[in-house]
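Take a look at the model below. We will walk through its sheet and then its aromatic contacts.

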Amino acid sequence: MKQNFNQSLAERDRYMKKVILGSTGISSPKNAFGALPIQRVSDEYAVMLLRKAFNAGFTFFDTARMYSDSERKMGIAFDGLRDKITIATKTTAVNVEDFWRDLETSLTNLRTDYIDIYQFHNPSFCPKPNDGSGLSKLCLKLKLRERSVISA
């Protein structure tokens, strides 16, 4: 169904089928915007694409530290709209120090003080209790906190 990009958010949302993401309580359209391709275009073009997607009903945006400058471009595009979108990003950290460094960089790039879903990106291992990385304990601690305070 073709939509008018000037329609209100309420009108736009009627056309997007939504799901609840697991036990997070996060409501999201079934379709999400994967930000990998925006690393290949200019800031201006990326901002235009992201805002066009938002205006068309996308509210879930997935990126990663490994997608070069896509987090920064998303930060520019959604500055002032943070409460209207869900952000997922990823880290390649294999230890707690790198986890926190990546998280701080992502928060800065995305111009936000929290990330809705923070994942391990294509990990070569699954963090487990007592594996020496400290990541399992850290993730459990963060999981138990409210999502609005998951920040560095």
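What follows goes from strands to rings.

The model is predicted, not experimental. Start with the sheet. Four strands form it, and it is open. Their order is β3-β4-β5-β6, with parallel pairing. At the edges stand β3, residues 33-34, and β6, each of which pairs on one side only. Strands of a sheet pair through backbone hydrogen bonds, either parallel or antiparallel.

Now go strand by strand. Strand β4 covers residues 60-62, and three bridges join β4 to β5. The two run parallel. Phe61 stands opposite Ile87 in β5. On to the next pair. Strand β5 spans residues 86-91 and strand β6 spans residues 117-120. Four bridges hold this pairing, again in the parallel sense. One contact to look up is Lys90, whose bridge partner in β6 is Gln119.

What links β5 to β6 in the β-α-β unit? Helix α4, residues 96-110, takes that place, and the unit is right-handed.

Turn to the aromatic rings. The count comes to six aromatic pairs. One of them is Phe33 with Phe61. Their ring centres lie 5.6 Å apart and their planes meet at 40°. A pair counts as stacked under 30 degrees and as edge-to-face over 60, so this one is tilted. Phe33 belongs to strand β3 and Phe61 to strand β4, so the contact ties together parts that are 28 residues apart in sequence.

Are these two rings buried or exposed? Phe33 has 16% relative accessibility, so Phe33 counts as buried. Phe61 is at 0% and is buried too. The cut-off for buried is under 20%.

A second pair joins Phe99 and Phe120. Here the centres are 6.2 Å apart and the planes are at 45°, so this pair is tilted as well. Phe99 sits in helix α4 and Phe120 in strand β6, so the pair ties together parts that are 21 residues apart in sequence. The helix and the second strand of the β-α-β unit are thus the elements that carry these rings. Phe99 is buried at 3% relative accessibility. Phe120, with a relative accessible area of 24%, is partly exposed.

Which residues do ring pairs link into a cluster? They are Phe33, Phe54, Phe61 and Phe78. Phe33 and Phe61 therefore bring strands β3 and β4 into that cluster.

One last ring contact involves a charge. The charged end of Arg82 sits over the ring of Tyr114, 4.0 Å from its centre.

Key
Residues are numbered from 1 along each chain as its sequence is written. This is a predicted model: local features need pLDDT of at least 70, side-chain atom pairs count only at pLDDT 80 or more; totals for chains, interfaces and linings use all residues. Side-chain values use heavy atoms; hydrogens and water are left out. Two strands pair if DSSP finds at least two bridges between them. A crossover is right-handed if, with the strands pointing away from the viewer, the path from the first strand over the helix to the second runs clockwise. Rings of Phe, Tyr and Trp (its six-membered ring) pair if their centres lie within 6.5 Å; planes under 30 degrees apart count as stacked, over 60 as edge-to-face and the rest as tilted. Buried means under 20% relative accessible area, exposed over 50%, partly exposed in between (1.4 Å probe, protein chains only). A charge sits over a ring if NZ of Lys or CZ of Arg is within 6 Å of the ring centre and within 35 degrees of the ring normal.
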